[in-house]
Number of protein chains: 2
Amino acid sequence: MQKPLYQQVILDLEGLIKKMKPNEKLPSERQLLVKYGVSRNTIRLALQNLEERGLIYRLHGKGTFVSSIYLDRPNIGGIYSFSEELTREGQKATTQNQSLELVMPTTKIAEQLNLAENEQAYKLVRLRLANGQPRMFSTTYLPEKLFPKLEITDLRSKTLYGVLKEKYNQLSVIAFEDVQAVSLGKPESEYLDVKEGSPSLKIYRKTINDKNIPIEFTISLARGDKFIYRSRQYNDLIK
Amino acid sequence: MQKPLYQQVILDLEGLIKKMKPNEKLPSERQLLVKYGVSRNTIRLALQNLEERGLIYRLHGKGTFVSSIYLDRPNIGGIYSFSEELTREGQKATTQNQSLELVMPTTKIAEQLNLAENEQAYKLVRLRLANGQPRMFSTTYLPEKLFPKLEITDLRSKTLYGVLKEKYNQLSVIAFEDVQAVSLGKPESEYLDVKEGSPSLKIYRKTINDKNIPIEFTISLARGDKFIYRSRQYNDLIK
DNA sequence: CTTTTTAACTGGTTGATACCACTTTGAGTT
DNA sequence: AACTCAAAGTGGTATCAACCAGTTAAAAAG
């Protein structure tokens, strides 16, 4: 049971890229095709994947090059993780797990998680703090069928993603996030320890696994004055 | 001078998707191939693009489905291609170029653009509208040495990125963006036609070209009730 | 020697074909 | 009626071939 060819090419090219300098030119597609003994389609599949993840960029008529950002920023393309972001800034991140319960989701949530009529979901409410100060208030929904017997005690020593990965063997691959600016209502403002009506980031996140199946849907509220959302956008759009 | 086939397919499928419900099944690749009279390669190219942009998702052995990624959809976000994203949604995107002047940037701006002590920058102020309604107020700084003799008339018929690419051969590759929630002050609230103190997204963007040189720094304010910022985060795993 | 043109690169698009891996369905068996 | 399993359908991987569209450098022209 061997991995697909294009994934083998990806792995090899990743090693090659790591040894190269930013903006250095990679072998052309036709050279790679000979080197690996595969078709050009397969090479292009691999390159496309590397481009999507920001490791390389391609210029029509010129060639394929190592992206510069990758080397400077180790966390490139990684799924956004609250604790990782904070520890990188030297702050201490803690999480208060407020509650975990099995609920019948609203139609909107069920739609996001691809749940059928009578399927339930876990509702996890968390408060994230930095240096003991509230930063983000999150409500997470997880399909019950994917994570049977999830316990709040599972989350005592591990992060949520750690539990999903180790206990349920669920790997998140892509997260879609929508970010909006809102005014805080009363209950949330109390959680975040700010005045009612304060500006806040409302973040919707939907995470899917490698089978394109949704494994998580989270709605977060973050303090506008203490929280910055960071992202990187790659220019791969059609012109 | 015709658009590539797969892009025509994309446009047509976008129209189809808009009429469908979340999680509804699309025609199979082999059905689409007959319908459009193109090869399966072309169909898959189109579907792959739609999948990347989160409009559809595919399940091995089951089919291709309409994504539920759009939430309330008051607007589609992604500052990166404001006009393209909007026209794709069937909305009419327009830009009012308020002013363009050559200025001596603040140290903060100069730092972002890698400018030396006495180097100047163009300051471009724009108001972006959707269906005639103000959505985003942007102030953009461009290094004068990279874009000599930039004229506001250049922007009459083309987008900013179009001008940068065609007149100056500058290709943006990566944009770093920081997003924050703020309350709008008086002048900005008037521009965006909302009450003072309304929640707003403040977006800092730094764009870098293929030589790793900063070519643009923009600070934007977007209406919190009408603008959603969307991003996609990839995990390190190979799909 | 400078300019122009051509040829040889580069990645981008498209077609045709085949088989693999996973899911659902339905015919056949028990 | 329930079960088994083959067939048909789905997207995923892979090859071969050809041409298009930008870019660059070498050859030809002035």
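**Figure 1. Helices α1(B) and α3(B) lie oblique to each other.** Welcome to this predicted model; the first close-up is a pair of packed helices in chain B. Helix α1 of chain B covers residues 5-18 and helix α3 of chain B covers residues 40-52. Their axes come within 9 Å and cross at roughly 55 degrees. An angle of that size falls outside the ranges for roughly parallel, roughly antiparallel and roughly perpendicular, so the pair counts as oblique. The crossing of α1(B) and α3(B) is right-handed. From the α1(B) side, the residues in contact are B:Leu5, B:Tyr6, B:Val9, B:Ile10, B:Leu13, B:Glu14 and B:Ile17. From the α3(B) side they are B:Thr42, B:Ile43, B:Leu45, B:Ala46, B:Leu47, B:Asn49 and B:Leu50. Sorted by class, this contact holds 11 nonpolar, 2 polar and 1 charged residues.

**Figure 2. Helices α2(B) and α3(B) are roughly perpendicular to each other.** Here α3(B) meets another partner, helix α2 of chain B, which spans residues 29-36. The two axes come within 9 Å and cross at roughly 110 degrees. That angle lies within 65 to 115 degrees, and therefore α2(B) and α3(B) count as roughly perpendicular. The handedness of this crossing is right-handed. In α2(B), look for B:Glu29, B:Arg30, B:Leu32, B:Leu33 and B:Tyr36; they meet B:Arg40, B:Ile43, B:Arg44 and B:Leu47 in α3(B). The contact of α2(B) with α3(B) divides into 5 nonpolar, no polar and 4 charged residues.

**Figure 3. In chain A, helices α1(A) and α2(A) pack roughly perpendicular to each other.** Helix α2 of chain A runs over residues 29-36. Its axis is 12 Å from that of α1(A), and the angle between the two helices is about 115 degrees. The crossing of α1(A) and α2(A) is right-handed. A:Val9, A:Asp12, A:Leu13 and A:Leu16 make the contact from α1(A), and A:Leu32, A:Lys35 and A:Tyr36 make it from α2(A). This contact of α1(A) with α2(A) has 5 nonpolar, no polar and 2 charged residues.

**Figure 4. A:Glu14 is a buried residue of chain A.** A:Glu14 sits in helix α1 of chain A, which covers residues 5-18. Its relative accessibility is 15%, and buried means under 20%, so A:Glu14 counts as buried. Setting aside neighbours within four places in sequence, A:Glu14 is in contact with A:Leu50, A:Arg53 and A:Leu55. A:Lys108 lies 94 residues from A:Glu14 along the chain, and the C-alpha atoms of these two residues are separated by 40 Å.

**Figure 5. Helix α7(A) has buried residues that pack against strands β4 and β5 of chain A.** Helix α7 of chain A spans residues 160-168. Its buried residues are A:Leu160, A:Gly162, A:Val163, A:Leu164 and A:Tyr168. Of the two strands they pack against, β5 covers residues 133-143. Just after the helix, A:Asn169 takes a positive phi of about 55 degrees.

**Figure 6. Two loop residues, A:Asn114 and B:Asp193, have a positive phi.** Most residues other than glycine have a negative phi. A:Asn114, which is not a glycine, has a positive phi of about 60 degrees. This residue is found in the loop between α6 (107-112) and β4 (121-130) of chain A. At 26% relative accessibility, A:Asn114 counts as partly exposed. B:Asp193 is not a glycine, and its phi is positive at about 60 degrees. Look for B:Asp193 in the loop between α7 (186-191) and β7 of chain B. Its relative accessibility is 56%, and B:Asp193 counts as exposed.

**Figure 7. The largest nonpolar core has residues from chain A and chain B.** Nonpolar side chains tend to be buried together in soluble globular proteins. The largest such core of this model has 16 residues. Those with the most contacts inside the core are A:Val179, A:Leu201, A:Tyr229, B:Val179, B:Leu201 and B:Tyr229. Strands β6 (172-183) and β7 (199-209) of chain A, together with β6 (172-183) and β7 (199-209) of chain B, are the elements that give two or more residues to this core.

**Figure 8. Chain A as a whole has 8 helices and 9 strands.** This view sets the chain A close-ups in context. Chain A has 239 residues, of which 48% count as buried. Among its contacts with a separation of 6 or more, 57% are between residues 24 or more positions apart.

Definitions and conventions:
Residues are numbered from 1 along each chain as its sequence is written. Chains are lettered from A and ligands numbered from 1 in the order in which they are written. This is a predicted model: local features need pLDDT of at least 70, side-chain atom pairs count only at pLDDT 80 or more; totals for chains, interfaces and linings use all residues. Side-chain values use heavy atoms; hydrogens and water are left out. A nonpolar core is a set of buried Ala, Val, Leu, Ile, Met, Phe, Trp, Tyr and Cys residues joined through side-chain atoms within 4.5 Å. Buried means under 20% relative accessible area, exposed over 50%, partly exposed in between (1.4 Å probe, protein chains only). Helices (H or I, at least four residues) and strands (E, at least two) are DSSP runs, numbered from the N terminus. Axes are lines fitted to C-alpha atoms, for helices over the stretch in contact, and angles run from 0 to 180 degrees between N-to-C directions. Angles under 35 degrees count as roughly parallel, over 145 as roughly antiparallel, 65 to 115 as roughly perpendicular and the rest as oblique. A crossing is left-handed if the near helix is turned anticlockwise from the far one by less than a right angle, and right-handed if clockwise. Contact means heavy atoms within 4.5 Å. Ala, Val, Leu, Ile, Met, Phe, Trp, Tyr, Cys and Pro count as nonpolar, Asp, Glu, Lys and Arg as charged, and the others, Gly among them, as polar.
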